[in-house]
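New to this one? Here is a quick briefing to read alongside the sequence and the 3D view.

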Amino acid sequence: MDLDLMTHTALRGESITREQALQVLQAPDAMTLSVVAAAGTVRRHFFGNQVLVNHLVNIKSGMCPEDCSYCSQALDSTAGILRYSWLPREQIEEAVRAGLAQGASTVCLVASGRGPSRREVEMVAGIVEELKAEHPEVTVCTCLGFLDEPKAERLKQAGSDRYNHNLNTAEDRYGEICSTHSYSDRAETVAHARSAGMDACSGLIAGMGESDEQLVDVVFSLRELGVESVPVNFLLPFEGTPLEAHRELNPLRCLRILAMVRLVHPDVEVRSAAGREYHLRSLQPLALEVCNSIFLGDYLTSEGQAGGADLEMIRDAGFEIKGRVDSTVLAGPHGTPSVAVRSCGQGGAESGCGGCGSQGGCGDGHAHQAEPDDEPRVDAAGVPIRRRGAGAAQPA
Ligand code: SF4
């Protein structure tokens, strides 16, 4: 594997070859940090040390008639997520404000479902118009499912800068993860969004049983579509979905996947998206070396790391939030904490000292939905997959 050659190719804005992409994916664990360093050189060449912060607002959750097997929002899914129809406008505005206050420069308005009716497009267009009037500097991304050309044009006219619609997996595997629509349906919507003048945000979900070749295929297909943003999701195996048993990723593998995507898409936004916390675990900050974009806080139906912890991670790793002139967002509210001295003698974390735990129990400033009986579910690996409705597990 000639990493120097790949780096030089990518620094010219060109993609590495499929063979090289496979080599990156299949690099031994001991080579993974070298692969990250190569991808990091490219990332810093095109994006410096800036991180784009995106904030998801799930404006309609669950009850989707489609059968995407990874998705907690599909009608057949019994995952314990919140399900609701369109959120009232005030709640959407509140959620948007919370994200912006934490430093987000892109707001993603996401609705479950096959696609919006004309009336629903009008409703979302109204929200986008208001949002852009109040915050012209904010990038608005909409994600509502399949679009035809007139609907795409209406969203663009309202001010939607970007449209998200993921390819998710390789064309020759698509029929195995979904039967109610096809890969080409998805590619068509991406094309409609682009021809209407919106940037296309389209990515993948890794860890659904695909081969390395299929992973490479979808990443090259995204390049062929000319997308401006590539969210890389790692499968969140929601209990109650057909893919609940999939556990095929580990942190080093995830880093190699991200590095491969960066070397194929040297100069476009690459986002470490859903599954970042769950699969990268303690190696999360290394994703910033490769990706220039993350979601802040929660995903569509699962909790992410608390927004404050995301900001701290960005700051600690020496990065800056793109588009923020207000350095107080990164400075953190408390400065460097003092060293906590144990006062309980023996015992582990359960020794009764209180504290807020590590799973977002401290307020993170988000407009969270009401949580029914919402103790986080802890899976076999001891990692919680919470059942929020405010974030976004796997964007539609
Ligand atoms: S990914 Fe989108 S289209 Fe598929 S089931 Fe989930 S919400 Fe529906």
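**Cys201 and its surroundings**

Let's start with a single residue: Cys201 has 30 other C-beta atoms within 10 Å, so it counts as buried. Keep in mind that this is a predicted model. The bullets below stay with Cys201 for a moment, then move on to the annotated site, the whole chain and one pair of helices.

- Cys201 sits in strand E5, which covers residues 199–201.
- Setting aside neighbours within four places in sequence, Cys201 touches Cys141, Arg162, Tyr163 and Asn164. Its list of contacts also includes Val227, Glu228, Ser229 and Pro231.

**The annotated binding site**

- Cys201 is also one of the residues that UniProt, in an unreviewed entry, lists under "binding site"; the others there are Cys108, Cys141 and Arg271.
- In sequence these residues are spread over 164 residues, yet in space they cluster, and the largest C-alpha distance is 14.0 Å.

**Cys108, another listed residue**

- Look for Cys108 in strand E2, residues 106–111.
- Is Cys108 buried or exposed? It counts as buried, because 25 C-beta neighbours fall inside 10 Å and the cut-off for buried is 20 or more.
- Again leaving out neighbours within four places in sequence, Cys108 is in contact with Asn54, His55, Leu56 and Val57, as well as Cys141, Cys143 and Asn164.
- Cys141 and Asn164 turn up in the contacts of Cys108, and they turn up in those of Cys201 too.

**The chain as a whole**

- Zooming out, you'll find 14 helices and twelve strands in the chain.
- The chain has 396 residues, and 51% of them count as buried.
- Take the contacts between residues at least 6 apart in sequence: 77% of these join residues at least 24 apart.

**How H1 and H3 pack**

- A pair of packed helices can be described by the angle and the distance between their axes.
- Here, helix H1 (residues 3–11) and helix H3 (residues 32–47) have axes that come within 9 Å and cross at roughly 20°.
- That angle makes H1 roughly parallel to H3, since anything under 35 degrees counts that way.
- The crossing of H1 past H3 is right-handed.
- Which residues of H1 meet H3? They are Leu3, Met6, Thr7, Ala10 and Leu11, and on the H3 side they meet Ser34, Val35, Ala38, Thr41, Val42 and His45.
- Sorted by class, that contact has seven nonpolar residues, four polar ones and no charged ones.

Conventions. Residues numbered from 1 in each chain as written. Predicted model: local features only at pLDDT ≥ 70, side-chain atom pairs only at ≥ 80, totals over all residues. Helix = DSSP H or I, 4+ residues; strand = E, 2+ residues; numbered from the N terminus. Buried ≥ 20, exposed ≤ 12 C-beta atoms within 10 Å, placed from the backbone. Contact = placed C-beta atoms within 7 Å. Axes fitted to C-alpha atoms, helices over the stretch in contact; angles between N-to-C directions. Parallel < 35°, antiparallel > 145°, perpendicular 65-115°, else oblique. Left-handed = near helix turned anticlockwise from the far one by under 90°. Nonpolar A, V, L, I, M, F, W, Y, C, P; charged D, E, K, R; others polar. UniProt positions renumbered as here; feature names shortened; annotations may be inferred.
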